[in-house]
Amino acid sequence: MTTLLKAQPLVDQKIADLTKRCQTLIQNGRTPFMKVVLVGNNPASLTYIKNKKRICEMVGAKFELDQLDDKITKDEFLKHIEKLNNDPAVTGIIIQLPVSPELKTLRITNLVNPEKDIDGFHSKNTQWLYEGSYQTNHLLPCTPKGIIGLLDFYQIPLKGKHAVVIGRSLIVGKPISMLLSNRDATVTLAHSKTENLVELTKSADIIISAVGRAELITVSHINPQRKTVIIDVGMNTLDGKLVGDVKFDEVSPLVAAISPVPGGVGPMTVISLVENLILATEKKS
Ligand code: NAP
């Protein structure tokens, strides 16, 4: 029987815990306050933001969106972020990507004060990954943090296991590779130039696919004897439906466990973001 690594039971647990922690902070006069800065009105970004707002409000935290004109100059944008960095009431800031072409030359990830960087992208926060952290008291990037949370919740052993991560982006592939290595997995990081992907995935105990290509992982990538665990990070549209990177119907019967899309990594990313908000507020208290 294949185990479906659904996020919902863990999300429910986390919401209960975060609500308690949020109440304690508010009683002590420190309301967790998330500010999201959006440049323009990208519809996908607005959907992601709506989700962040929903979970924030569910746990009792304050949420505000600053929607800036896409013609904003670099100077105006930098001043806006600086104002938020210096506002003691704001405890977590997200600059929603993508920004306008004018702002793309800025080193966006390092603009937010690292103590308020709840996306966990600032170099001072990613440094923890290099130093071997898997601690929960650091502001770690949200998707990788959520993936580890999901694997732990379903008691999937990592120590000594061969994990093949496909995709080497700064927001998913690289940080999840580090986190897995920090948890004593043996990690192979594959990408678009990898020549022997099928060979690698067939020798994997855990496959993490973060590519963004529907049906990339098929039966040919799986060795059914290995009882592989798959985490599907991909978010793609196929025939008008949201799907992951894995050809789910044919692959899922051949593996021990797999995270569904939707309902797997996606909700874990948002809950990890709100967890980072609460953590950032607690650290300031
Ligand atoms: P990205 O920055 O576009 O990176 C994609 C990676 O995939 C690159 O490293 C690329 O290799 C690699 N790649 C492309 N084609 C490949 C192939 N045929 N074989 C092996 N590797 C290949 O993407 P991302 O931002 O990491 O996102 C990846 C996917 O995860 C997207 O679908 C995104 O929507 C989704 N995502 C989901 C969540 C969530 O919460 N569920 C969060 C973040 C992202 P090169 O480096 O060689 O170009």
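Angles under 35 degrees between helix axes count as roughly parallel. Keep that cut-off in mind for the helix pairs below. One caveat up front: what you're looking at is a predicted model.

**How the helices pack**

Let's start with helix 9, which spans residues 265–284. Its axis and that of helix 1 (residues 8–27) come within 10 Å of each other, and the two cross at roughly 20°. That angle falls under the 35 degree cut-off, so helix 1 and helix 9 are roughly parallel to each other. As for handedness, helix 1 goes past helix 9 in a left-handed crossing.

Helix 9 also has helix 2 (residues 43–59) packed against it, at an angle of about 50° and with the axes 10 Å apart. Helix 2 and helix 9 are therefore oblique to each other. Here the crossing is right-handed.

**Around the ligand**

Helix 9 turns up again at the ligand: with three residues, it gives the most to the surrounding shell. There are 21 residues around the ligand, and the ones that come nearest are Arg168, Ser169, Ser192, Met235 and Thr269. Sorted by class, the shell has nine nonpolar, ten polar and two charged residues.

Which polar atoms of Ser192, Arg213 and Val233 sit by the ligand, and at what distance? Here they are side by side:

| Residue | Protein atom | Ligand atom | Distance |
|---|---|---|---|
| Ser192 | side-chain N or O | oxygen | 2.6 Å |
| Arg213 | polar side-chain atom | nitrogen | 3.1 Å |
| Val233 | backbone N or O | oxygen | 3.5 Å |

So much for single contacts; now the ligand's surface. On its own, the ligand has 930 Å² of accessible area, and the protein covers 70% of that. Ser192 is worth a second look, since this residue is among those nearest the ligand and also has a side-chain N or O atom 2.6 Å from a ligand oxygen.

**Backbone oddities in the loops**

A few spots in the loops are worth checking on your screen. The peptide bond running from Leu97 to Pro98 is cis, with omega near 0°. You'll find Pro98 in the loop between strand 4 (92–95) and helix 4 (123–130).

Another cis peptide bond links Val261 to Pro262, again with omega about 0°. Pro262 sits in the loop that runs between strand 11 (257–258) and helix 9, and helix 9 is the helix that gives three residues to the ligand's shell.

Then there's Glu215. Although this residue isn't a glycine, its phi is positive, at about 60°. Look for Glu215 in the loop between strand 7 (206–209) and strand 8 (229–232).

Conventions
Residues numbered from 1 in each chain as written. Predicted model: local features only at pLDDT ≥ 70, side-chain atom pairs only at ≥ 80, totals over all residues. Heavy atoms only, no water. Near = heavy atom within 4 Å. Polar contact = N/O pair within 3.5 Å; in protein donor to acceptor, adjacent residues only side chain to side chain. Areas by Shrake-Rupley, 256 points an atom, 1.4 Å probe, with all protein chains shown as cover. Helix = DSSP H or I, 4+ residues; strand = E, 2+ residues; numbered from the N terminus. Nonpolar A, V, L, I, M, F, W, Y, C, P; charged D, E, K, R; others polar. Axes fitted to C-alpha atoms, helices over the stretch in contact; angles between N-to-C directions. Parallel < 35°, antiparallel > 145°, perpendicular 65-115°, else oblique. Left-handed = near helix turned anticlockwise from the far one by under 90°.
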